[in-house]
Amino acid sequence: MTDTRLYIEGGRKISGSLSVHGAKNSVLPVLAATLLSPSVSRIKNCPALSDVYSSTRILGSLGCKCRSDKSAIEVDATALSDCEISESLMREMRSSIVFLGAILGRLRRCRLSFPGGCELGPRPIDIHISGLRSLGAKIIEDHGVLDCTLPGTVTGAVINLPLPSVGATENIMLAATIGSGVTLIHNAAREPEIKDLAGFINAMGGKISGAGSSTVTVEGVEKLHGAEFSVMPDRIVAATYMGAAAITGGELMLTGVRPSDMISTISQFEQMGCGVYPYSDRIFISAKKPLNPIKTVRTAPYPGFPTDCQPILMAVLTRARGTSVIVENIFENRFRAAPELRRLGADIKAEGRVAVVEGVPRLSGSPVVATDLRAGAALVLAGLAAEGTTTVSNINYIDRGYEQLEAALKSVGARIKRV
Ligand code: UD1
């Protein structure tokens, strides 16, 4: 934890143009996938995020060489030697579990500590483990350490996921890529980031089809080669910027985005009365009218409304003219922004999976604490709209998913600085 804070003088309309960086939730599995081939891969459009640095540290600890050049990261996985991720690196980033499938795929052995819970509540990995077992992996859990081996070649399997888990789908794809059989993943997660990972694996010579649909087919190949790949835009960052325009009554042109990945999010902003104009790789949003409440919004796996956007929408709805209801169906601990938003004058009642947001005519600045990545972003948005000064502490959470959020917002009219 650091003492650095974001200091925001609210009440200024956001207006201008912002480009959206590469997706955190895509770059992490893609970086893990570079391990699959004993060669050099070049990943472009990598955001400068603390979670990305954690991933390169994991790669380095396993014997790979990583070199950054602007937003590209070159990974030389030729000398991959170690199959163990230390507990401290695992603790740094819960999503490091995606390295499991990649290390198993390449070295057939992997040891790492159980990732445990996180800010969002328990983050089980039972679906990852049973999927990998279906591929033939032997997994022993001992004192919080997972010892995994994948003897012989993967000869294919039919795996029915009980839930469309993003991480489990990715781990199974990574572990099944090198082998001799066909693996079918039914009820797979359909998130665009899954399609991105398949795109990279296929660029390396893999044979994955159906990614982005609920059945992913992985045809095992003998080996892969290095590849160059550009990571997709971050749809959650794009939604956060849209939220900044909406909550301040401003307007923004977002560039470098993929509106087709954001249909359910765009629809929520339209329901609030914002004008949203998607082009092929841009979105223009204008929020000139007072915001409408949203009767009920439910988070759901893609293509439903993303849980990662839920705190952002909650912040914006605090300024709507009426009552909105939010139902969180993915993570149990995802209303942590609510008590902090209340410090800014918001009227939110949250119980279990349901939050009721009564719009208020004004928010007022106050010191608040980011309790997780997206809750932190939600507080920044509320701070932009609040009268007076808001300080957001614990911003190391925000740095996990936003590349210089304050610089981006400042460039479009916000009074915000890191102190
Ligand atoms: C990914 C994203 C995260 C996003 C989430 C849901 C990354 C790095 N993170 O996380 O930002 O919020 O998808 O869109 O891509 N579950 C189980 N058992 C398992 C696995 C998951 O019960 O073995 C449950 C989880 O507790 C949760 C739900 O399934 O309730 C969805 O989790 P999952 O899709 O796996 O999320 P992540 O991959 O962890």
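Pro-303 turns up in the loop that links β18 (296-298) to α10. In this predicted model, the peptide bond running from Tyr-302 into Pro-303 is cis, and its omega sits near 10°. Another loop worth a look is the one between β3 (40-44) and α2 (50-61), which is where Asn-45 is placed. Asn-45 is not a glycine, yet its phi is positive, with a value near 60°.

The loop with the cis bond leads on to α10, and this helix has a partner. Helix α10 (residues 310-317) packs with helix α8 (residues 235-248), the two axes being 9 Å apart and the angle between them about 5°. Angles under 35 degrees count as roughly parallel, so that label fits α8 and α10. On the α8 side, the contact is built from Ile-236, Ala-239, Thr-240, Gly-243, Ala-246 and Ile-247, while α10 brings in Ile-312, Ala-315 and Val-316. Sorted by class, the residues where α8 touches α10 come out as 7 nonpolar and 2 polar, with no charged ones.

A second helix pair involves α1 (residues 24-33) and α4 (residues 98-107), whose axes come within 8 Å and cross at roughly 20°. These two helices, α1 and α4, are therefore roughly parallel to each other as well. As for handedness, the crossing of α1 and α4 is right-handed. Here Leu-28, Pro-29, Ala-32 and Ala-33 from α1 meet Val-98, Phe-99 and Ala-102 from α4. The class count for the contact of α1 with α4 is 7 nonpolar residues, with no polar and no charged ones.

Then there is the ligand. It has 19 residues around it, and those that come nearest are Ile-127, Ser-165, Val-166, Asp-308 and Ile-330. Several polar contacts can be picked out too. Asn-25, which falls within the residue range of α1, has a polar side-chain atom 3.0 Å from a ligand oxygen atom. Asp-126 also uses its side chain, placing a polar atom 2.8 Å from a nitrogen atom of the ligand. With Gly-167 the backbone is what counts: one of its polar backbone atoms is 2.8 Å from an oxygen atom of the ligand.

Methods:
Residues numbered from 1 in each chain as written. Predicted model: local features only at pLDDT ≥ 70, side-chain atom pairs only at ≥ 80, totals over all residues. Heavy atoms only, no water. Axes fitted to C-alpha atoms, helices over the stretch in contact; angles between N-to-C directions. Helix = DSSP H or I, 4+ residues; strand = E, 2+ residues; numbered from the N terminus. Parallel < 35°, antiparallel > 145°, perpendicular 65-115°, else oblique. Left-handed = near helix turned anticlockwise from the far one by under 90°. Contact = heavy atoms within 4.5 Å. Nonpolar A, V, L, I, M, F, W, Y, C, P; charged D, E, K, R; others polar. Near = heavy atom within 4 Å. Polar contact = N/O pair within 3.5 Å; in protein donor to acceptor, adjacent residues only side chain to side chain.
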